[in-house]
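Me: I am new to this structure. Please walk me through the terms used for it, and show how each one is earned.

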Amino acid sequence: MTNTKTVSIKVPWSPPLFEEADLESAIQVIRSCWMTQGKQTAAFEEETAALCGSKYAVAVCNGTAALMAALLACEIGPGDEVLVPTMTFIATVNSVIAVGAKPILVDCDPRTLNVTPELLQSKLTPKTKAILFVDVYGMPCDIDGIAAFAKKHNLRLIEDGAQAIGAGYKGKPVGSFGHLTIISFHMAKLVPTVEGGCILTDDENLAVRMKQIRNHGMAGQYQFVAFGLNLRITDIQSAMGRSQLKKLAKMLELRQALVDQYQDGLKGLVEFQHVPDYVTTHPHMIFSVFLKDRAQRDRVNAYVKEHGVDTRICWTPTHLQPYHKTLLADQGAFPNAEKLGERGLSLPLGNALTPEEVAYAVRITKEALAS
Ligand SMILES: Cc1ncc(COP(=O)(O)O)c(C=O)c1O
């Protein structure tokens, strides 16, 4: 028999905030008896597009589906290479594999965790068809630099902004730059619909195509003009999303205040993600601290968990994942991503987290560092 000890969680890792109005919005849809994609979804799309500064939003069942719909709409498939960061949540890379294209992994900047035009350039080949860049923890990449690089080499540009709703780059919202941007509405995100996602674009043709793709490629009634799948969101989720969207500005402020509190408390003891000047709003979907090395990270992690502070270790880069290291072997070295993956620890942060909970997490993390 194994000797397992249950520790009760005092500070949850990413608590969502579902209030009475959010629940009521869902109940009204259930009472209406129209629960699949309908009027609520159309309104959610309109409101999301307006908030993010894009012409169109296409809502789907999750962020991974949004990535696949974007890649399919851009006609990316077998024979194509797509530049993707190795330092990401695995959905980014898996969506490329799912459409039959080849992910070409790119290292990240050691301070921002994001890819740069220079790093992308180092992996460019004649087969490169697209760039799928990720705003890590929601923090925008150097969008102008990457867009200029994409334009120069005639590449499709897709932004994995799964974590980036509400983010600002040079004073403008992520999603307002014309290329395709995907968002996730997963439970832990700033605008949660439990599961959900969308693609933002200014291109009407792509928007129409993605609406077909999310519905088996259907154009008219039972007329299937393209490959697609059932990637639809429900009206129950869309109604909750509409209700949550109203809180986004407040959630951005709250998260920034909680991150300030963490950074004041842990200053000089750990490192933080570097925020370049072009980032005008960081949504802080995740808050990581970077320790000296893996041994210190694992020691601190064990101690804080033992004291009820829930955490996640930083993403292990894609090229080190058991499945992907064989599939994507021999793609070169990724020293920055590897070091960050070993040293990173994500502390609690969520829409329902309180300053008292952060104060406790800071105190316990300091104890762990001193022990
Ligand atoms: C960077 C990134 N891309 C894609 C996704 C996939 O989103 P979803 O979980 O909604 O499918 C996530 C989810 O956390 C993510 O963090």
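Reply: Start with the word domain. Domain bounds here come from an automatic or database domain assignment. The model itself is predicted. Domain 1 covers 20–245 and domain 2 covers 248–370. Their C-alpha centres lie 24 Å apart.

Me: What makes a residue of domain 1 or domain 2 part of the contact?

Reply: The test is a cut-off: the C-beta atoms of two residues, placed from the backbone, must lie within 7 Å. Domain 1 gives 36 residues to the contact, and domain 2 gives 34. Strand 3 (102–106) and strand 6 (168–169) each supply at least two residues of the domain 1 side. Strand 3 has the largest share there, with three residues.

Me: How do the residues on the side of domain 1 that touches domain 2 divide by class?

Reply: There are 22 nonpolar, eight polar and six charged residues on that side.

Me: Why are helix 3 and helix 4 called oblique to each other?

Reply: Take the angle. Helix 3 (residues 63–73) and helix 4 (residues 91–98) pack at about 45°. Angles under 35 degrees count as roughly parallel, and 65 to 115 as roughly perpendicular. The angle of about 45° fits neither range, so helix 3 and helix 4 are oblique. Their axes are 9 Å apart, and the crossing is right-handed.

Me: Which residues make the contact between helix 3 and helix 4?

Reply: Helix 3 brings Gly63, Thr64, Leu67, Met68 and Leu71. Helix 4 brings Ala91, Thr92, Ser95, Val96 and Ala98. By class, six are nonpolar, four are polar and none is charged.

Me: What makes a residue part of the shell around the ligand?

Reply: Its C-beta atom, placed from the backbone, must lie within 6 Å of the ligand. In this model 14 residues surround the ligand. The closest are Gly63, Thr64, Ala91, Ala162 and Ser184. Helix 3 and helix 4 are the elements that give two or more residues to the shell. The shell has four nonpolar, nine polar and one charged residues.

Me: How is the packing of helix 2 against helix 8 described?

Reply: Two packed helices are described by the angle between their axes and the distance between the axes. For helix 2 (residues 39–52) and helix 8 (residues 235–245), the axes come within 8 Å and cross at roughly 35°. The crossing is left-handed. Among the residues that meet are Phe44 and Leu51 in helix 2, and Ala239 and Arg242 in helix 8. The contact divides into five nonpolar, five polar and three charged residues.

How values were computed:
Residues are numbered from 1 along each chain as its sequence is written. This is a predicted model: local features need pLDDT of at least 70, side-chain atom pairs count only at pLDDT 80 or more; totals for chains, interfaces and linings use all residues. Helices (H or I, at least four residues) and strands (E, at least two) are DSSP runs, numbered from the N terminus. Ala, Val, Leu, Ile, Met, Phe, Trp, Tyr, Cys and Pro count as nonpolar, Asp, Glu, Lys and Arg as charged, and the others, Gly among them, as polar. Axes are lines fitted to C-alpha atoms, for helices over the stretch in contact, and angles run from 0 to 180 degrees between N-to-C directions. Angles under 35 degrees count as roughly parallel, over 145 as roughly antiparallel, 65 to 115 as roughly perpendicular and the rest as oblique. A crossing is left-handed if the near helix is turned anticlockwise from the far one by less than a right angle, and right-handed if clockwise.
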